[in-house]
Number of protein chains: 2
Amino acid sequence: MSETQTSERKSRRGGGRDARRQMRAAGAAGLSAPFITREIAPVDILSEEATEIIEYNAETILEEIGIDFRDDPEALDILRNAGADVKGERVRFPRGLARQLCATAPASFTQHARNPERSVEIGGNKTVFAPVYGPPFVRDLAGERRYATMEDFRNFVKLVYMHPGFHHSGGTVCEPVDLPITKRHLEMIYAHQSLSDKPYMGSVTAPSRAADTVEMSKILFGADFVAKNTVVTSLINANSPMTWDDTMLGALKVYARNNQAVITAPFILAGAMSPVSVAGTLTQTLAEAMSGIAFTQAVNPGAPVIFGSFASSMSMQTGAPTFGTPEPAKVLYACAKLARRLNVPFRSGGSLTGSKTADAQAAYESTHTIIPTVMGGVNFVLHAAGWMEGGLVADYAKLLLDADQLTMMQDLVSAIDVSENGQAMDALRETGPGQHFLGSSHTQANFETAFWRSELADNTTFEQWSAEGAAESNERARKRVAEMLESYQAPVLDPAKDEELRAYIATRMEGLPDSDF
Amino acid sequence: MSETQTSERKSRRGGGRDARRQMRAAGAAGLSAPFITREIAPVDILSEEATEIIEYNAETILEEIGIDFRDDPEALDILRNAGADVKGERVRFPRGLARQLCATAPASFTQHARNPERSVEIGGNKTVFAPVYGPPFVRDLAGERRYATMEDFRNFVKLVYMHPGFHHSGGTVCEPVDLPITKRHLEMIYAHQSLSDKPYMGSVTAPSRAADTVEMSKILFGADFVAKNTVVTSLINANSPMTWDDTMLGALKVYARNNQAVITAPFILAGAMSPVSVAGTLTQTLAEAMSGIAFTQAVNPGAPVIFGSFASSMSMQTGAPTFGTPEPAKVLYACAKLARRLNVPFRSGGSLTGSKTADAQAAYESTHTIIPTVMGGVNFVLHAAGWMEGGLVADYAKLLLDADQLTMMQDLVSAIDVSENGQAMDALRETGPGQHFLGSSHTQANFETAFWRSELADNTTFEQWSAEGAAESNERARKRVAEMLESYQAPVLDPAKDEELRAYIATRMEGLPDSDF
């Protein structure tokens, strides 16, 4: 090795250590690195041949079978004008058209947070973690399973704000079923805006609620800023197979016309909503996602849009959804590649499980989802923590257990540090055979930040663990949640903006019925 | 796509479905696919530049710092004759010598089982799972933690025999501390030989016990067969850093001279036995493993040998070993590549944890080890199931929970099936937008074997799960262990061989003291 090579190598270093140091130093105040930056290549399990077959077949679906755009005549007009073949509500895309329309979508975009240090890059080699989305139930700090409330919603937003594992405040962290459906979105958006300064997601349950999201975001960020920047990302699920409905299309149009980001996401339990095969599920997912992205670009070329995929497999014996199995992992790795080839950001994965409690099953299944998520190169990760029971339950303990795992992910995808310090040849020379490295100067200089460490794992001896109460991880996590909520402090919000937001909500509430829950 | 292309593609299919069908059909009788065959490329996180640096530095350790071979003058003679520079017990290898000596080691070898259908290929794109090795304690079916006994040992051998997740019976599945150290190896080897027909590991705690292993294997397989074939693989741990002791070297020589396989394994808690960096740990591991492999080849060129690596990281705050963290995962991925470049089989990984019970922590940490193990391309996996508390405890419940996860691994590393059946275009055409796939002919034809399924995960509804007793996965696993042990049936063993083995053991026992436990 020449002197020059050594010198060049010396100047290189992995990003993991710095990110870790930054996270650790600021952990107590809830600061964290704003997103993960992957320094290694994404895992690729899809051969070139398989890739070509799947892309060809997806175009066949779009061309021959078609996609239904339901109860939205305007959507059909937009697609017809973009060159699609529309018959009734069935839309067929001549081979190549959908991919061509997708080409105006940005490969990566910034979603701004009200605290600029929290703004996230979505796309490329970046990964952003957001919490669980959608559960009507919670498992609370007493271990009880019950309907979620607005108080739970606020608690989850606070925890996500405080924990360095999360980059994004998410959206419907749980469904606050104690508020009327017509009104709850206003309090949910306000909770994200006021209790956190991380970026957030918007309402999609009606176009008017998407419009409320945009209006409230204009109050928080300023109308001029929102006109030019993306400040909200929202989840538009398909009714798989091959169907978009008017609610989702309506919300999508509101966001796309305001240059706000949407995720167009096939939602698939393979075997029920897609064929009972990995390649078939990939093909359908690609076709559906392309149709959604193409529609978004037809509405507003250049609007930020994320290729979404939620793919689980169904137990073909009981009909139950299953999680953490190898088939969805393969869909995930392969679908990430299909999205990269489409040159758009990708959303998938999370910490998914069908377990009822935060037991070993929950952790096995969650880890078998989150590792492919991170190693496969997902850009936006919904359900990164807290998901339980196939999405029916948001679990306080599991939110923290999963989030603890998320804090290791920057290290996992950082390049191995081969700087002179990383090589540690001085330590090896200083120590030598049969000695230990604890006292070496290299160890002393590096031990603080050398290794990731868990906040929740117990690595003490059996004797110490027993003396301290023999708490399993679930119990330790609940205790920590209680401590965090106790110590929560809201990020400062300009009182004038706060007042304006409350006034907007009050006015809107007056105009809405509250009969339905 | 041309007709020809389609036709060619039709003839291809993934190996996962067939392996799964085979495993499922034979599961009850304890039969399984004899090993995992990886169809996708191993995950590679080590850049070419980093690879060169680490290989260069490992040669620097071997050349400048050297490795201690302690209390074994014969080993020093062997190495001196092979070209090494020996001063006292310090052995230095001129740059390139160790790698050159390693070149005679086979890239892959067969370890024969007494049931030929259980024989395993170790190396290349194959992965073999063996259970936990070494714990003096067990956590039993009552959930109690206590010293392990010979009865526990037999139980673990039976469970490993019956479970399709394991390819190999392992070695010291727990330490039977109710038998004298001097004699227990005889009963341990006999348990593997008689209660299972999967391949097994041998004793390494003294050269005489390695010799007993070889003698008993000659009885089981026939002396002629053993002279020409590998029937036992044994674990030779280094005293890291950079030290081999006479006990391990003595056992190694016995096995190598009998053409039996050894794993030469640096055993490293990074920060204590190696530098507090990934690259430094890799460098030291490579140097130590190469010194062990080179010695094996100097003893008997061509003897089968496995590049071993056990690398965990130490908590730099408490001194406790930690598991499931990102640094050991990176060591594992990278070390697998270093072994491939040395063209020898690789052993590492497992389902490792520092947790005291089979809780969420245990499963998170185990999965963060076993996925890199499988995706990184490890060939021989010790501790693939049952390991608890940093290796102090063999846990009955976790043995089964981990093993259940192992049964998915063939699927995870199979190529995505893009045969015509895998593509499922007929199902997509038949079903179409808004319909479900449950009744399609493709689903009907494939549902039995389409998706991996867990034997232990509970995917029922909360209501059903509650009605059935709300058992967590730990409890479900214990119940299943009891059922399995109840239904165990030993594989048939030739009574003459059995008698000869018992006679050998009886004779040896007479000649050995039994004072020490």
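**Notebook: salt bridges and the A/B interface**

I started with B:R480, which is partly exposed at a relative accessible area of 36%. For my own reference, buried means under 20% relative accessible area, exposed means over 50%, and partly exposed is in between (1.4 Å probe, protein chains only).

A note on what I'm looking at: this is a predicted model, where local features need pLDDT of at least 70 and side-chain atom pairs count only at pLDDT 80 or more, while totals for chains, interfaces and linings use all residues. Residues are numbered from 1 along each chain as its sequence is written, chains are lettered from A and ligands numbered from 1 in the order in which they are written, and side-chain values use heavy atoms, with hydrogens and water left out.

**Salt bridges inside a chain**

I looked up the partner of B:R480 and found B:E483, in a salt bridge at 3.3 Å, N to O. The rule asks for a side-chain nitrogen of Lys or Arg within 4 Å of a carboxyl oxygen of Asp or Glu. B:E483 is also partly exposed, with a relative accessible area of 36%. The two sit 3 residues apart in helix 20 (residues 473-487) of chain B, so about one helical turn separates them. Helices here are DSSP runs (H or I, at least four residues), strands likewise (E, at least two), numbered from the N terminus.

Next I checked B:R90 and B:D68, whose side chains meet in a salt bridge at 2.5 Å, N to O. B:R90 is in strand 4 (residues 90-92) of chain B and B:D68 in strand 2 (residues 67-69) of chain B, so this pair ties together parts 22 residues apart in sequence. B:R90 counts as partly exposed at 23% relative accessibility, but B:D68 is buried at 7%.

Then I tried B:E48, which forms a salt bridge with B:K337, closest N and O atoms 3.2 Å apart. This one links distant parts of the chain: B:E48 is in helix 3 of chain B and B:K337 in helix 12 (residues 326-342) of chain B, 289 residues apart. B:E48 is partly exposed at 46%, whereas B:K337 is buried at 7%.

Over in chain A, I found A:D44, A:E48, A:E55, A:R99, A:K337 and A:R341 linked in a network of salt bridges. Searching the whole structure gave me 56 salt bridges over all chains.

**Where the chains meet**

How many residues of chain B are in contact with chain A? I get 119, against 119 of chain A, with contact meaning heavy atoms within 4.5 Å. Together the chains bury about 9800 Å², 66% of it on carbon and sulfur atoms. That buried area is the accessible area (1.4 Å probe) the two parts lose on being put together, summed over both. B:Y364, B:I416 and B:F451 supply 9% of what chain B buries against chain A, more than any other three residues.

I count 4 salt bridges across the interface. In one of them, A:K356 meets B:D458 at 2.8 Å, N to O. Helix 3 (residues 48-65) of chain B gives the largest share of the side touching chain A, 10 residues.

I also looked at A:Q423, in helix 16 (residues 420-423) of chain A, and it is buried at 11%. Leaving aside neighbours within four places in sequence, its contacts include A:L428, B:I53 and B:N57.
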